[in-house]
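Visitor: I have a structure open on my bench computer, and I would like to understand the words people use for it. Could you take me through them?

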Amino acid sequence: MADLGAVIDNSSVIVCCGSGGVGKTTTAAVLGCEAARLGRRAVVVTIDPARRLADALGLVDGLAAEPQRIELVARPGDASNGELWAMMLDTAATFDGLVTRHASDPDQIERILTNPLYRNMARAMSGTQEYMAAETLHTLHGDDRFDLVIVDTPPSRNALDFLEAPGVLARFLDHRAFKLLMLPTQGGLRVLGAAAQPILKAIGRVVGSDVLADAVAFFQAFAGMESGFRDRADEVVALIRAPETAFVIVASPRHDAIAEAVWFSEQLVDQQVDVSAAIINRVQPAFGEGTAAEARSAAGAATGELAALWHNVADLRTLREAEYEVIAPLGDAIGHDRVALLPLLDSDVHDLDGLQTIAAHLFGRS
């Protein structure tokens with residue numbers, strides 16, 4: 001059984017990953033609640049624009065683009081100094097903040113923020129959301145209000161984009177195509193016209209307009225900021241791979257979800273990242289000690305209603321044992337001692353009380 005308490009204690013960042021529909025958002029909220037109960041000042045940030053995190057926290061009005069404090073009901077044994085905050089990623093606002101931070105003067109800020117290419121790129125270009133998510137992680141990690149950042153990522157394949165985005169940006173800033181686009185406007189347009197047309201056409205297809213003049217204006221306005229962006233991207237890559245950053249894979253006991261989790265764990269290894277724990281959600285409960293075969297034996301020795309009950313227990317244990325076989329490949333991939341099982345509950349989770357119920361199971365409280 002994974003020691004999730006140790007994961008919380010030893011981490012400054014926890015990234016929750018997994019395929020869609022397995023309970024990542026709820027898991028991130030549960031880890032945040034438990035961290036606050038243990039005395040951490042935790043902030044949970046969701047990259048998903050849907051309302052799932054707000055719903056899990058019982059927030060009728062949804063989440064804002066800035067961290068907001070979640071009021072928790074104190075329970076016996078809770079640390080008095082713990083806090084829980086939550087927020088939703090705002091890609092455009094984060095990009096604007098990054099430009100403002102690295103620009104040399106208000107005029108440069110104005111030229112970039114009002115540039116049509118920038119406005120389209122900040123809201124629509126592929127990869128922008130993932131990089132801004134990584135940027136938000138870095139910003140929250142450096143915020144003195146928090147000592148633990150918990151990230152609720154998109155489904156696994158998109159989560160890889162989140163992990164790779166900072167490195168992609170750093171490589172782009174070092175690429176000769178970018179350096180070509182950064183040539184001075186005077187005299188540079190002849191080169192741009194001959195060599196960079198494919199690049200500009202690609203940009204044009206993304207933003208859906210004639211962007212040659214806008215592109216030139218944008219890259220000229222960007223001049224002098226590239227080193228700040230590159231340094232920041234390098235810092236984000238270092239944070240993602242730091243020992244105090246934990247990756248928690250969330251899955252359900254289905255063949256497709258476990259296969260996706262195994263694949264993702266292998267991708268993390270390729271990224272030089274270790275999996276700290278895996279949480280398998282909605283596992284069939286144990287219904288007492290023993291195996292399905294033992295329950296069938298007890299049914300054979302009983303009569304009437306008692307025999308029917310034992311047959312029912314045998315069927316339920318058979319389901320659980322089948323789920324264990326499905327889960328086994330993930331344990332083989334990351335270590336069975338890093339896998340935690342969360343039983344199927346009798347109701348959906350849509351408020352803080354429900355999160356506390358899940359936490360009681362995951363952290364061994366009655």
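Guide: Happily! Let us start with V15, which is buried, with a relative accessible area of 2%. V15 sits in strand β1, residues 13-17. Please keep in mind that this is a predicted model.

Visitor: Why is V15 called buried?

Guide: The word buried applies under 20% relative accessible area. V15 has 2%, so V15 is buried. V15 also has a partner far along the chain: V149 is 134 residues away in sequence, yet the two C-alpha atoms are 8.3 Å apart in space.

Visitor: How much of the protein chain counts as buried?

Guide: Of its 366 residues, 51% count as buried. The accessible surface comes to about 17,200 Å², and carbon and sulfur atoms hold 53% of that. The chain has 17 helices and eight strands. Among contacts with a separation of 6 or more, 77% join residues 24 or more positions apart.

Visitor: Let us turn to cysteines. How many disulfides does a search of the whole structure find?

Guide: Zero. A disulfide is a covalent bond between the sulfur atoms of two cysteines.

Visitor: How do you know that C17 is in no disulfide?

Guide: The pair of sulfur atoms would have to lie within 2.5 Å. For C17, the nearest cysteine sulfur belongs to C16 and is 7.2 Å away. That distance is beyond the cut-off, so C17 is in no disulfide. C17 is buried too, as its relative accessible area is 1%.

Visitor: What makes C33 buried?

Guide: Its relative accessible area is 3%, and the limit is under 20%, so C33 counts as buried. C33 also takes part in a helix contact: T26, A29, V30, C33 and E34 of α2 meet L352, L355, I358, A359 and L362 of α17.

Visitor: Why is α2 called roughly perpendicular to α17?

Guide: Helix α2 (residues 24-37) and helix α17 (residues 352-362) pack at about 80°, with their axes 9 Å apart. Angles from 65 to 115 degrees count as roughly perpendicular, so α2 earns that description with respect to α17. By class, their contact has eight nonpolar, one polar and one charged residues.

Visitor: What makes α14 roughly parallel to α16?

Guide: The axes of α14 (residues 255-270) and α16 cross at roughly 10° and come within 8 Å. Roughly parallel means under 35 degrees, so the term fits α14 and α16. On the α14 side, H255, I258, A261, V262 and S265 meet V326, I327, P329, L330, A333 and I334 in α16. That contact has nine nonpolar, two polar and no charged residues.

Visitor: And why is α15 called roughly antiparallel to α16?

Guide: Helix α15 (residues 292-301) and helix α16 (residues 304-334) have axes that come within 8 Å and cross at roughly 170°. Over 145 degrees counts as roughly antiparallel, so that is the name for α15 against α16. The contact involves A292, A295, R296, A298 and A299 of α15, together with A307, W310, H311, V313, A314, R317, T318 and E321 of α16. By class, it has eight nonpolar, two polar and three charged residues.

Visitor: Where is T291, and why does T291 count as partly exposed?

Guide: T291 is in the loop between β7 and α15. Partly exposed lies between the limits of 20% and 50%. T291 has 33% relative accessibility, so T291 counts as partly exposed. Leaving aside residues up to four places away in sequence, T291 touches R317 and E321. T291 and R320 are 29 residues apart in sequence, and their C-alpha atoms are 9.5 Å apart in space.

Visitor: Which loop holds F287, and what is its phi?

Guide: F287 is also found in the loop between β7 and α15. Its phi is near 55°, a positive value in a residue other than glycine. With a relative accessible area of 40%, F287 falls between the limits, so F287 is partly exposed.

Visitor: What about R282: where is it found, and why is it partly exposed?

Guide: R282 is in strand β7, residues 275-283. R282 has 38% relative accessibility, so R282 counts as partly exposed. R282 is not a glycine, yet its phi is positive, at about 65°.

Conventions. Residues are numbered from 1 along each chain as its sequence is written. This is a predicted model: local features need pLDDT of at least 70, side-chain atom pairs count only at pLDDT 80 or more; totals for chains, interfaces and linings use all residues. Side-chain values use heavy atoms; hydrogens and water are left out. Axes are lines fitted to C-alpha atoms, for helices over the stretch in contact, and angles run from 0 to 180 degrees between N-to-C directions. Helices (H or I, at least four residues) and strands (E, at least two) are DSSP runs, numbered from the N terminus. Contact means heavy atoms within 4.5 Å. Ala, Val, Leu, Ile, Met, Phe, Trp, Tyr, Cys and Pro count as nonpolar, Asp, Glu, Lys and Arg as charged, and the others, Gly among them, as polar. Buried means under 20% relative accessible area, exposed over 50%, partly exposed in between (1.4 Å probe, protein chains only). Accessible areas come from the Shrake-Rupley method with a 1.4 Å probe; for residues, only the protein chains shown count as cover.
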